[in-house]
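Please open the model in your viewer and keep the selection panel at hand, since each stop of this tour begins with something to select.

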Amino acid sequence: MTPDRFEDFADVINPNRRATHCWCVSHRLRAEDIAALGGGSREGAMRALCDREVPPEVVTYLDGRPVGWCNIGARADNPRLVHSTKIHPLDDLPVWSVVCVVVRGGHRKQGGTTALLQGAVAYAVSHSAPAVEAYPVDTEGKRMDTTMAFVGTRAMFERVGFEVVGETEATASGMRRLVMRRMLSRERGL
């Protein structure tokens, strides 16, 4: 997601452009990082992230309309994960991490999430990431609170080749979050 696609991202994540909305930085950046990057503005912080050489996000489209967004980037570039007391690294592998997955209302349960995650993995491959991790929940037939749905579910990540490799101490909707990983060496022909 480059600066010229920022409005497409905003159309998915914050169509009413509310300043108090999370702008998908609340689960990626600490308050001090938001202050440093965006002068305290979540929107400003996200604009700054989009302006980096390797922006940590991808947008997906359907018939030219933005319908989904995924926050993905190097775990080492994600202060909330680096300093997390509940989602610990499993090893020293410099993984990329999926932090948020959002599909616009009216476009869910139509396969868009699968295409979005496939695009996110392809983006990681294009930047030579050795693996991509996600931290979803295993709903096991339970309903997930829609405000926490951004973490994703085990099933949606399994559909695109992720495997459970551990658990976190974090929860979402009262359910333990997993560590799922997809090794990318095969995608690069290694």
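Select His27, Arg80, Ser84, Ile87 and Arg177, which in this predicted model are the residues nearest the centre of the second largest pocket, whose lining comprises 17 residues. The pocket that they surround has a volume of about 340 Å³. Adding α4 (79-82) and β5 to the selection brings in the elements that each give two or more residues to this lining, and α4, with three residues, supplies the largest share. If you colour the lining by class, you should find eight nonpolar, five polar and four charged residues.

From β5, go on to the sheet. Select β5 (163-172) together with β1 (57-62), the two edge strands, each of which pairs on one side only. Between these edges the open sheet of six strands runs in the order β1-β2-β3-β4-β6-β5, with mixed pairing, and the twist from one strand to the next averages 25 degrees. Now show β6 (residues 175-183), which runs antiparallel to β5 and is joined to that strand by six bridges; here Val164 stands opposite Met180 of β6.

Next, select helix α1 (residues 6-13), which packs on the sheet and touches β1, β2 (65-74) and β3 (96-103), its direction making about 100 degrees with that of β2.

Finally, keep α1 and β3 in view and add α5 (112-126) and α6 (154-158), for these are the elements that give two or more residues to the lining of the largest pocket. This pocket holds about 1100 Å³ of space, and of its 40 lining residues, Val101, Arg108, Thr146, Ala149 and Phe150 are the closest to the centre. By class, the lining of the largest pocket divides into 15 nonpolar, 15 polar and 10 charged residues.

Definitions and conventions. Residues are numbered from 1 along each chain as its sequence is written. This is a predicted model: local features need pLDDT of at least 70, side-chain atom pairs count only at pLDDT 80 or more; totals for chains, interfaces and linings use all residues. Side-chain values use heavy atoms; hydrogens and water are left out. Two strands pair if DSSP finds at least two bridges between them. Helices (H or I, at least four residues) and strands (E, at least two) are DSSP runs, numbered from the N terminus. Axes are lines fitted to C-alpha atoms, for helices over the stretch in contact, and angles run from 0 to 180 degrees between N-to-C directions. Contact means heavy atoms within 4.5 Å. On a 1 Å grid over the protein atoms alone, a cavity is a set of points where a 1.4 Å probe fits but cannot get out, and a pocket is an open set with protein on both sides within 12 Å along at least five of seven lines; lining residues have an atom within 4 Å of a point. Grid points are joined across faces, edges and corners, and a volume is the space filled by probe spheres set on the points. Ala, Val, Leu, Ile, Met, Phe, Trp, Tyr, Cys and Pro count as nonpolar, Asp, Glu, Lys and Arg as charged, and the others, Gly among them, as polar.
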